[in-house]
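Reader: I'm new to this one, and I'd like to know what stands behind the labels people put on it. Can you walk me through it?

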Amino acid sequence: MSLIQVLKGAINILLIRPQHAQHDCGAGSCHPALGDLLQGRSKRLTASSTCGMSSPQKYCIIGYLEVEKCFLCDSRYPYNPYTQHNSHTVENVITAFEPERKKKWWQSENGIDHVSIRLDLETLFQFSHLILTFKTFRPAAMLVERSTDFGQTWKVFRYFAHDCAASFPNISTGPAKSVGDVVCDSRYSDIEPSTEGEVRSRVSPALSSFLPDLITLTNLRINFTKLHTLGDALLGRRHSDPLEKYYYAIYEMVVRGSCFCNGHASQCDSMQNLRGDVFHQSGMVRRSLIIFGLATCNCRLLNVSMQTLPLKPGVGMHRSCLCCNCNSHSSRCHFDMAVYQASGGVSGGVCEDCQDNTTGQHCDTCKPSFYQDPLKAISDPRPCLPCSCDPAGTLPGAVCESRTEPALGTVAGRCPCKDNVEGARCDKCKANYYGLSSSDPLGCQPCNCDPLGTLPFSVCDPATGECLCQRFTTGQRCERCLAGYWGLGNSLYGCSPCDCDIGGSQNNLCSLQDGQCECLPNIVSRQCNEPAPGFFFLPLDYYIYEAEHARPLSGSDPDLAVVFRPPSAGRAVTWTGHGFARVPSGAGLRFAISNVPFAMDFDITVRYEPEVLVMSCASCGVVIGAMIAILQTPVCLEPGTEYFVDVYFSQPSASDKKAKSFILIDSVSSSVTSPLRLYFYTLFWFSFPLPACKCNPQGSLNASCSRLGGQCQCKANVVGRCCDTCSAGSYGFGFHGCYGECPAASTLPGPPAHPNVSGL
């Protein structure tokens with residue numbers, strides 16, 4: 001008989017199952033005897049709906065002459081013929097061979113179309129046929145499913161429906177064109193008989209010799225999808241709840257099959273380490289018997305993993321059950337046809353339940369979140385180490401690289417980092433990034449150090465983001481100058497000092513952009529060291545008191561002699577005012593001071609020149625310059641008070657024969673006299689506020705004056721800081737200046753009642 005004929009016979013359920021198991025496998029394939037897979041597995045049989053599970057539930061049946069009889073279903077406790085005869089739990093469908101077996105059955109809740117019954121087996125079994133005997137009408141539509149991976153995936157085995165086109169519109173009604181075709185059968189879905197109707201589904205064991213995947217299962221599920229109803233209007237009476245008489249009820253359920261040995265064993269043996277919910281009893285179908293030195297002939301549960309090639313029924317084990325290489329991390333493997341084909345027919349063995357944190361076809365890689373120790377082989381008892389990725393810097397949901405592969409650029413244990421993170425553990429920010437955070441999608445944020453204020457080739461602090469600044473710069477990013485500095489990037493050190501003039505500025509702070517200091521009134525320039533136009537800085541000896549305006553001390557000549565000294569070409573001007581006061585030895589002067597600007601210490605300085613005898617030789621070249629005398633201790637003067645300074649000139653020593661009765665000064669006259677003048681000056685360069693030039697419009701050339709001292713540019717023969725006085729020997733002050741060569745006059749009248757202070 002050809003293979004096609006065998007397959008067609010299996011689909012049409014024409015082959016007859018062997019009644020006795022074949023015990024001798026030496027001549028070819030052999031199969032264990034069939035049995036009821038439900039026996040001993042009552043705890044592994046479940047239903048999605050059972051009447052009376054939470055409380056007693058009313059249900060009705062239709063008797064002869066349309067007479068309804070109603071009863072109670074109470075399935076809160078298991079069936080007992082004496083105390084719980086109304087219990088209709090699903091284990092009642094298991095064949096018990098009792099004399100009055102129709103007194104117990106399983107029953108669903110009233111009026112529910114979609115109900116399922118499920119059998120979960122403990123290992124892979126070979127399925128032969130299914131028989132359901134109903135107490136009520138058979139379902140109008142149902143389907144049978146099986147799983148070979150313990151319920152992870154399901155495949156429909158057969159559809160049953162009274163109207164296949166309406167219930168399963170996309171399913172063919174047959175006949176099947178090939179072995180794997182799934183069709184819809186309408187033979188077992190009629191409304192008659194109303195009780196003890198059967199649904200049968202059968203597969204020949206001969207298929208196991210050619211297509212074992214079509215007849216094996218670990219789980220079986222029967223799905224009822226539609227109830228048969230009669231229509232209450234046809235009963236000729238009204239009913240309070242028509243759904244009370246529509247439900248699923250099954251007297252008996254038989255699932256025939258055997259342990260799956262793929263044609264290599266004739267007996268089934270008991271399972272080792274069975275789960276506690278599997279009851280051992282006689283007649284129970286168990287796993288395949290150990291033969292050929294294997295733990296199981298189907299290489300599903302092996303003490304020594306073996307199957308790497310397709311296992312052919314009846315073929316010697318040594319030709320198909322070869323050792324799987326699980327690297328000592330698993331004792332079980334199974335054959336996978338897709339893996340076998342992908343390997344080019346080399347091996348289809350796939351290791352199961354890899355230990356020691358390994359995974360893969362051969363337990364040859366570390367499972368996710370682990371990586372292979374670079375110093376150990378994968379066959380080592382502890383080859384895998386846990387990843388230590390920092391969750392803050394690692395990409396969400398990512399794991400470290402499992403092994404080092406130079407060709408692929410992978411490094412064992414290296415974690416996939418966020419964009420701004422680096423390190424094998426993704427635990428630190430890249431250079432010039434900071435603030436590692438799990439909430440940041442990029443991991444770290446840029447420091448954004450200002451290149452103008454940051455030291456070259458430096459990086460920021462990875463925790464705080466602070467940049468390494470050049471001298472005189474500051475800020476998180478080195479983006480600004482320190483107080484007292486300006487011009488970021490304009491100098492070698494980042495910023496330049498403000499250098500605000502201590503006398504002309506309010507402080508040493510300046511603008512960060514242009515360095516402009518905060519100037520006092522009437523002071524300009526970046527450093528506040530220039531007077532504004534029309535103003536000037538005070539010299540140290542700005543407060544001058546002319547000797548020709550002083551009063552003689554008591555006992556001195558009351559008529560103070562004044563010697564005028566007009567400026568002349570080629571001779572430096574070493575005096576102020578009109579000239580000098582000639583004071584004899586032993587006499588003195590009193591200076592009145594009443595214009596102190598503010599309280600402070602003042603130095604008192606006396607300037608004088610000796611008057612010398614005119615040498616007969618004018619070409620001797622002797623020049624005696626100006627001389628000064630300074631009071632050694634400064635004196636504190638306050639505004640609003642008038643002070644007097646007395647200057648006394650002592651007599652020369654009598655023992656000195658060469659001493660004269662007068663002080664020699666630089667003069668062209670032959671008289672004996674001592675001219676002098678007194679200066680007061682502050683220790684400040686500037687006074688607050690700066691005085692205006694106040695150049696006299698008649699005596700000055702313009703309105704500007706010198707920046708230090710405020711000297712205006714005078715016209716001819718005009719003197720004074722403001723150019724408001726004719727020089728000695730000139731007269732006629734006006735817009736033309738002054739006329740020179742006054743009429744003969746060698747002295748001036750005595751000092752006025754109040755001293756004349758120049759520069760005010």
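**What the labels rest on**

Author: Gladly. This is a predicted model, with a mean pLDDT of 77 for the protein, and 74% of its residues score at least 70.

Reader: Where is confidence lowest, and where is it highest?

Author: The lowest mean is 34, in strand β42 (residues 676-681), while strand β5 (residues 106-107) has the highest, at 97. Residues 612-625 have a pLDDT below 50, and that stretch makes 14 contacts beyond near neighbours in sequence. Residues 745-760 also fall below 50, with 26 such contacts in the model.

Reader: What makes up the secondary structure?

Author: There are four helices and 48 strands in the protein. Of its 760 residues, 42% are buried. The accessible surface is about 40300 Å², and carbon and sulfur atoms hold 55% of that.

Reader: What share of the contacts joins residues 24 or more positions apart?

Author: It's 60%, counted among contacts with a separation of 6 or more.

Reader: What makes strand β7 "mostly covered"?

Author: Seven of the seven residues in β7 (residues 141-147) are buried. Each of them therefore falls under the 20% relative accessible area that burial calls for. In a regular strand, side chains alternate between the two faces of the sheet. On one side of β7 sit Ala141, Leu143, Glu145 and Ser147, on the other Met142, Val144 and Arg146, and all are buried.

Reader: How do you know which strands β7 pairs with?

Author: Count the bridges: a pair needs at least two. β7 has seven bridges to strand β11 (residues 216-226), running antiparallel, and six to strand β8 (residues 155-161), also antiparallel. Both counts meet the cut-off, so both are pairings. For single partners, Met142 is bridged to Phe224 in β11, and Val144 to Arg158 in β8.

Reader: Why is Pro139 called buried?

Author: Pro139 has 1% relative accessibility, and the limit is under 20%, so it counts as buried. Pro139 lies in the loop between β6 (115-134) and β7. Leaving out residues up to four places away in sequence, it touches Phe134, Ser189, Phe224, Lys226, His228 and Tyr248. Pro139 and Lys226 are 87 residues apart in sequence, yet their C-alpha atoms are 6.0 Å apart in space.

Reader: Some of those names are aromatic. How many aromatic pairs turn up in the whole structure?

Author: Twelve. Ring pairs also link Trp106, Phe134, Phe224 and Tyr248 into a cluster.

Reader: Why is the pair of Tyr59 and Phe71 called tilted?

Author: Two values describe a pair of aromatic rings: the distance of the centres and the angle of the planes. For Tyr59 and Phe71, the centres are 5.9 Å apart, within the 6.5 Å that makes a pair. Their planes meet at 35°, and since stacked means under 30 degrees and edge-to-face over 60, this pair is tilted. Tyr59 belongs to strand β3 (residues 57-62) and Phe71 to strand β4 (residues 68-73), so the pair ties together parts twelve residues apart in sequence.

Reader: Which of those two is buried, and which is partly exposed?

Author: Tyr59 is at 5% relative accessibility, so it counts as buried. Phe71 is at 38%, between the 20% and 50% cut-offs, so it counts as partly exposed.

Reader: And what makes Tyr159 and Phe168 a tilted pair?

Author: Their ring centres are 4.7 Å apart and their planes lie at 55°, so they also land in the tilted range. Tyr159 counts as buried because its relative accessibility is 12%, and Phe168 because its value is 10%.

Reader: How do you know that the charge of Lys135 sits over a ring?

Author: The charged end of Lys135 is 4.5 Å from the centre of the Trp105 ring. The distance limit is 6 Å, with an angle condition as well, and this contact is listed as sitting over the ring. Arg590 does likewise, with its charged end over the ring of Phe644 at 5.3 Å from the centre.

Reader: Where does Arg590 sit among the strands?

Author: Arg590 is in β37, opposite Arg551. β34 and β37 (residues 588-593) pair antiparallel over two bridges, so they just reach the required two.

Reader: What makes β34 and β41 edge strands?

Author: The open sheet runs β34-β37-β41, three strands with antiparallel pairing. β34 (551-552) and β41 (643-648) each pair on one side only, and those are its edges.

Methods
Residues numbered from 1 in each chain as written. Predicted model: local features only at pLDDT ≥ 70, side-chain atom pairs only at ≥ 80, totals over all residues. Heavy atoms only, no water. Buried < 20%, exposed > 50% of the residue type's maximum accessible area, 1.4 Å probe, protein only. Contact = heavy atoms within 4.5 Å. Areas by Shrake-Rupley, 256 points an atom, 1.4 Å probe, with all protein chains shown as cover. Phe/Tyr/Trp six-rings, centres within 6.5 Å; stacked < 30°, edge-to-face > 60°. Lys NZ or Arg CZ within 6 Å of the ring centre and 35° of its normal. pLDDT = per-residue confidence, 0-100.
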